[in-house]
Amino acid sequence: MRIGKKAILFDRDGVLNIDSGYVYRYENIRWIDGAREAVARLTEEGWLLFVVTNQSGVARGFYTEKDVMKLHKQMNKEFRKYGGNITEFFFCPHLNGAEISRYNMDCNCRKPKPGMILQAINKYGLIKENTFLVGDSRRDIEAAARAGIKGFLFEGDNLNLFLKNIFREKG
Ligand SMILES: [Mg+2]
Ligand SMILES: [Zn+2]
């Protein structure tokens, strides 16, 4: 437990990698410009970094939780090559109305619900005032608001530049 550390929760698809729809193989990952550099720089600056990602592809039967976890391991390996680290990847495999019954639920973790964010906050003893979310959809920003943290909508081309501008004063 590292209470008091400042933290950033990233949405994954559209923020770290290009959202080409239900990506689950590492060979299909295309990185957002500046994403690996941003993760490295923020890690070096002492931020705790997390991913919070909806993965309804699991509930839809496109891929498995195991696939998601394997992909996240491979992504983190790449981040580490750059000197960065994601402390934990949280993902929601559920979908209300999904055909696979064990994933068919109106869970509290699928954004815009705040469950994954609250899970990270509770597990790591994060302080809400020092915890931020970066997402590329309104759903992410709404989830952040419901969790009581500030969310930033990534609309730029380069994640590293985008974050440098935002956290210049907060860093
Ligand atoms: Mg996204
Ligand atoms: Zn869920």
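For "binding site", the UniProt record, an unreviewed entry, lists three residues: Asp11, Asp13 and Asp136. What we have on screen is a predicted model, so please take the geometry in that spirit. In sequence the three aspartates span 126 residues, yet no two of their C-alpha atoms are more than 8.1 Å apart, so they gather at one spot. Asp11, Asp13 and Asp136 also belong to the lining of the largest pocket.

Take Asp11 to begin with. It is in the loop that runs between strand S1 (7-10) and helix H1 (35-44). Is Asp11 buried or exposed? Its relative accessible area is 7%, under the 20% cut-off, so Asp11 counts as buried. Setting aside neighbours within four places in sequence, Asp11 is in contact with Leu16, Val52, Thr53, Lys111, Val134, Gly135, Asp136 and Asp140. Please note Lys111 in that list: the side chains of Asp11 and Lys111 make a polar contact at 2.9 Å.

Now Asp136. This residue is in the loop between strand S4 (131-135) and helix H5 (138-147). Asp136 has a relative accessible area of 30%, which makes it partly exposed, whereas Asp11 is buried. Which residues does Asp136 touch, not counting those up to four places away in sequence? They are Asp11, Asp13, Gly14, Val15, Leu153 and Phe154. Both of the other listed aspartates, Asp11 and Asp13, are in that set.

Next, the metal. The zinc ion, ligand 2, has as protein donors the SG atoms of Cys92, Cys107 and Cys109 and the ND1 atom of His94, lying 2.0 to 2.3 Å from the ion. What is the geometry of the site? With 4 donor atoms and angles of 103 to 117° among them, the site is tetrahedral. For reference, the ideal angle for four tetrahedral donors is 109.5 degrees.

Along the chain, the donors of the zinc ion follow the spacing C-x1-H-x12-C-x1-C. Within that set, His94 and Cys109 are 15 residues apart, and the pair links distant parts of the chain. Both His94 and Cys109 are in the loop between strand S3 (88-92) and helix H4 (115-124). As for accessibility, His94 is at 14% and counts as buried. Cys109 is likewise buried, at 14% relative accessibility.

To recap, there are two places to look at in the model. One is the spot where Asp11, Asp13 and Asp136 gather, in the lining of the largest pocket. The other is the tetrahedral site of the zinc ion, with its donors Cys92, His94, Cys107 and Cys109.

How values were computed: Residues are numbered from 1 along each chain as its sequence is written. Chains are lettered from A and ligands numbered from 1 in the order in which they are written. This is a predicted model: local features need pLDDT of at least 70, side-chain atom pairs count only at pLDDT 80 or more; totals for chains, interfaces and linings use all residues. Side-chain values use heavy atoms; hydrogens and water are left out. UniProt positions are given in the numbering used here, feature names are shortened, and annotations may be inferred rather than shown by experiment. On a 1 Å grid over the protein atoms alone, a cavity is a set of points where a 1.4 Å probe fits but cannot get out, and a pocket is an open set with protein on both sides within 12 Å along at least five of seven lines; lining residues have an atom within 4 Å of a point. Helices (H or I, at least four residues) and strands (E, at least two) are DSSP runs, numbered from the N terminus. Buried means under 20% relative accessible area, exposed over 50%, partly exposed in between (1.4 Å probe, protein chains only). Contact means heavy atoms within 4.5 Å. A polar contact is a pair of N or O atoms within 3.5 Å; within protein, one must be able to donate a hydrogen and the other to accept it, and residues adjacent in sequence count only if both atoms are side-chain atoms. Donors are N, O and S atoms within 2.8 Å of the metal (3.2 Å for Na, K and Ca); water is not among the atoms, so sites may look incomplete. Four donors count as tetrahedral if all angles lie between 85 and 135 degrees; four count as square planar and six as octahedral if opposite donors are over 155 degrees apart and all others between 65 and 115; anything else is irregular.
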